[in-house]
Amino acid sequence: MTKLINKRMTMLRLREGFTQELLAKKIGLSRSHIANFERGGYNPSPVAIQDYCRFFQVSVDYFEGSHLSSNVENQLEVVMRNLLYEEFPECEQTLSNFPDFLVNTSQEYAFYLLKSAYHYAKREAEEAQKIEGSHLNLIEAKPHFFQHTILIKKSLLIYQAEKNYYESNFNKSIVQWDAFSLITVENDEKNRAKLRSIACHFRNQDYVKVYGLTKQVITDLGNSEIKNPTLLAKAYAIQSAAYGQLQMFSEGLAILDKLERLIDEHRIDHEKIVLYINRGIAYSVSNQLSNALINYQKALDHANTPERYLTALISNINCLIKLRQYNIANDYVAEMQSLDLNKREKMIALSYKAELLLYEGKEKESWKLQKPALDYFLENNLTHNASYIYTQLANYYLEKKAYKKAAVYLERKEEIQRAKNKALPSPNA
C-alpha cells in the first residue's frame with residue numbers, strides 16, 4: 001500500500017504543477033519530507049496524509065485506493081476476456097490504457113500474468129520473459145501479499161496455457177485450458193476454453209479426439225439458448241481441419257460450406273483464413289494444386305494473428321514445393337526463419353531448407369540440416385513432421401531411381417505410422 005501512497009502523492013503534486021519546494025511551503029512541511037514521501041524514504045504519518053487530503057481536497061480512500069478497486073477489477077476482466085477470445089488489438093488497447101498504478105498486490109499479480117500471457121500469445125517471448133523476470137518473480141516471492149481470488153486463478157491458468165502453447169508443451173496447455181473451463185461459470189468462456197484445448201489436441205496430431213470433442217462442442221452450442229455464431233465458426237473450422245487430416249474430405253467440404261455460410265451471414269471475416277487454409281488442403285489432396293495455392297495465398301492475406309500468419313506461410317511452402325516452384329518456396333522459408341519461432345517451428349523451417357537443398361542436388365548439405373530436425377521430431381513424438389520428411393526423401397530417391405534408398409525411407413515412414421495408429425483410440429470410443 002505504501003507504494004500506492006507514494007505514487008498518488010507524486011501525482012497530486014504534478015497535477016497542480018508544484019515543485020516539491022513550493023508544495024512544502026503551501027502544505028506546511030519541509031521539502032525533505034515531501035521528497036521522502038514520494039520516493040518511499042519513509043511512510044507518511046496519518047497526520048501528513050490528512051494534510052494532503054485537506055490541501056488537495058481528496059478523501060482518505062484516495063490513498064487507500066478503495067474507490068478504484070472495482071474499476072481495476074473490471075479492466076482486468078476485460079483483458080482476460082480479450083486474451084481468451086484472441087482479440088489482440090482490443091487487448092493491447094486495454095493494456096496500454098491501464099492505470100499507472102494498481103490498488104493492491106493481488107491486482108498487480110493478475111495484471112502482469114495477463115500481460116505476459118498476451119506477449120506469449122503474440123509470439124513475443126522476449127517481452128514476456130522480461131515481465132516474468134522483473135515483475136512476476138518479485139511478486140511470487142511474497143505470496144502472502146496477495147489473495148488467490150478467482151481472477152488470479154483464471155489469469156494464472158491463461159498465462160500458463162499461453163506460455164506452454166508457445167513452447168509446444170501442448171499436453172500441459174490442454175490441462176490448463178481444461179482447468180479453466182471447470183472453474184469459470186460463464187458458458188461462453190467455458191466453450192472458448194474447450195476450443196483452445198481442442199486446438200492443442202490438434203497440434204498433438206490427435207485428430208480422432210479433435211473430431212469427437214468438436215462434435216460435442218457444436219452440439220452444446222446448438223442446444224444453447226444464446227446463439228454464438230463466432231464460437232460455432234471456430235468449432236466448424238477446427239472440425240473441418242480434423243476431417244482433412246483424417247482424409248474425410250467430402251465431410252470436410254460439407255463443414256466448410258457451413259462455415260462459409262456462417263461467415264457471410266454474420267460477417268465473421270477473421271475466420272476466413274481457416275476457410276481458405278482448409279479448402280486449400282482439400283484441393284491439395286485432390287491434386288488441384290493451383291487452386292490450393294490460390295486459397296493458401298488468400299489465407300496469407302487474411303492472417304490476423306502471428307500464429308495464423310505462420311500457419312498460412314507453412315501451407316504456402318508445402319504447396320510451392322509440390323508445384324516445384326523452389327525459388328519462391330525458398331523465399332518463403334527465409335521469411336519463416338526471420339520470424340520469432342519456437343524450437344519446433346525452427347526445426348520445421350530447417351527441414352524445409354534441407355528439402356530445398358535436396359532438390360538442388362546438394363545431398364550432403366541437405367542431410368546436415370535434415371538430421372537434427374528429424375531427430376527432434378522423433379524424440380518429441382512429432383510423427384506428422386517426421387513422416388513428411390521420410391515421404392520427401394523417398395520421393396526424391398524414387399525420382400533418382402535409387403529404389404533401395406527410397407524403400408528404406410518408406411519403411412521408416414510406415415513404422416512410425418504403425419506406432420501412431422496403435423496409440424490412437426477407436427473412432428467409436
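Student: Is glutamate 345 buried or exposed?
Tutor: In this predicted model, a residue counts as buried under 20% relative accessible area, as exposed over 50% and as partly exposed in between (1.4 Å probe, protein chains only). Local features need pLDDT of at least 70, side-chain atom pairs count only at pLDDT 80 or more, and totals for chains, interfaces and linings use all residues. Residues are numbered from 1 along each chain as its sequence is written, and side-chain values use heavy atoms, with hydrogens and water left out. Because its relative accessible area is 8%, glutamate 345 is buried.

Student: In which helix is glutamate 345 found, and which residues does it contact outside its neighbours within four places in sequence?
Tutor: Helices are DSSP runs of H or I with at least four residues, strands are runs of E with at least two, and both are numbered from the N terminus. Glutamate 345 belongs to helix 20, residues 343–359. Contact means heavy atoms within 4.5 Å. Leaving aside neighbours within four places in sequence, the partners of glutamate 345 are Arg123, Leu310, Met336 and Asp340.

Student: How many helices and strands does the protein chain have?
Tutor: Of the 429 residues of the protein chain, 47% count as buried. The C-alpha atoms fill a box of roughly 95 × 55 × 35 Å along the principal axes. As for helices and strands, the protein chain has 23 and zero respectively.

Student: What share of the contacts in the protein chain between residues at least 6 apart in sequence join residues at least 24 apart?
Tutor: Alanine 117 in helix 8 (residues 105–121) offers a place to begin. Not counting residues up to four places away in sequence, alanine 117 touches Leu83, Ile158, Tyr159 and Glu162. Over the protein chain, among contacts between residues at least 6 apart, the share that joins residues at least 24 apart is 59%.

Student: How many residues of helix 10 are buried?
Tutor: Helix 10 covers residues 150–166. Its buried residues include Ile158, Tyr159 and Glu162, and those three residues are touched by alanine 117. Helix 10 is mostly covered, and of its 17 residues the number buried is twelve.

Student: What span should helix 11 have at 1.5 Å a residue?
Tutor: The expected span of a helix is 1.5 Å times one less than its number of residues. Helix 11 runs over residues 170–183 and has 14 residues. Its end C-alpha atoms lie 20 Å apart, which agrees with the expected span of 20 Å.

Student: Which residues of helix 11 are buried?
Tutor: Before helix 11, and just after helix 10, serine 168 takes a positive phi of about 65°. Within helix 11, the buried residues are Phe170, Ser173, Ile174, Gln176, Trp177, Phe180 and Ser181.

Student: How are helix 14 and helix 15 oriented, roughly parallel or roughly antiparallel?
Tutor: Helix 14 (residues 229–245) and helix 15 (residues 249–266) pack at about 160°, with their axes 9 Å apart. Axes are lines fitted to C-alpha atoms, for helices over the stretch in contact, and angles run from 0 to 180 degrees between N-to-C directions. Angles under 35 degrees count as roughly parallel, over 145 as roughly antiparallel, 65 to 115 as roughly perpendicular and the rest as oblique. The angle therefore makes helix 14, relative to helix 15, roughly antiparallel.

Student: Why does cysteine 200 form no bond with the closest cysteine sulfur, and how far away is that sulfur?
Tutor: A disulfide is a pair of cysteine sulfur atoms within 2.5 Å, and the structure holds zero disulfides. Cysteine 200 counts as buried because its relative accessibility is 0%. Its closest cysteine sulfur, in cysteine 91, is too far for a bond, at a distance of 18 Å.

Student: Is asparagine 295 buried or exposed?
Tutor: Asparagine 295 lies in helix 17, residues 289–302. Apart from neighbours within four places in sequence, it is in contact with Tyr276, Arg279, Gly280 and Tyr283. Because its relative accessibility is 9%, asparagine 295 counts as buried.

Student: How far apart in space are alanine 329 and asparagine 316, C-alpha to C-alpha?
Tutor: Alanine 329 lies in helix 19 (residues 326–337) and is buried, with a relative accessible area of 0%. Leaving aside neighbours within four places in sequence, alanine 329 is in contact with Ile317, Leu320, Ile321 and Leu356. Alanine 329 and asparagine 316 are 13 residues apart in sequence, and their separation in space is 7.7 Å.
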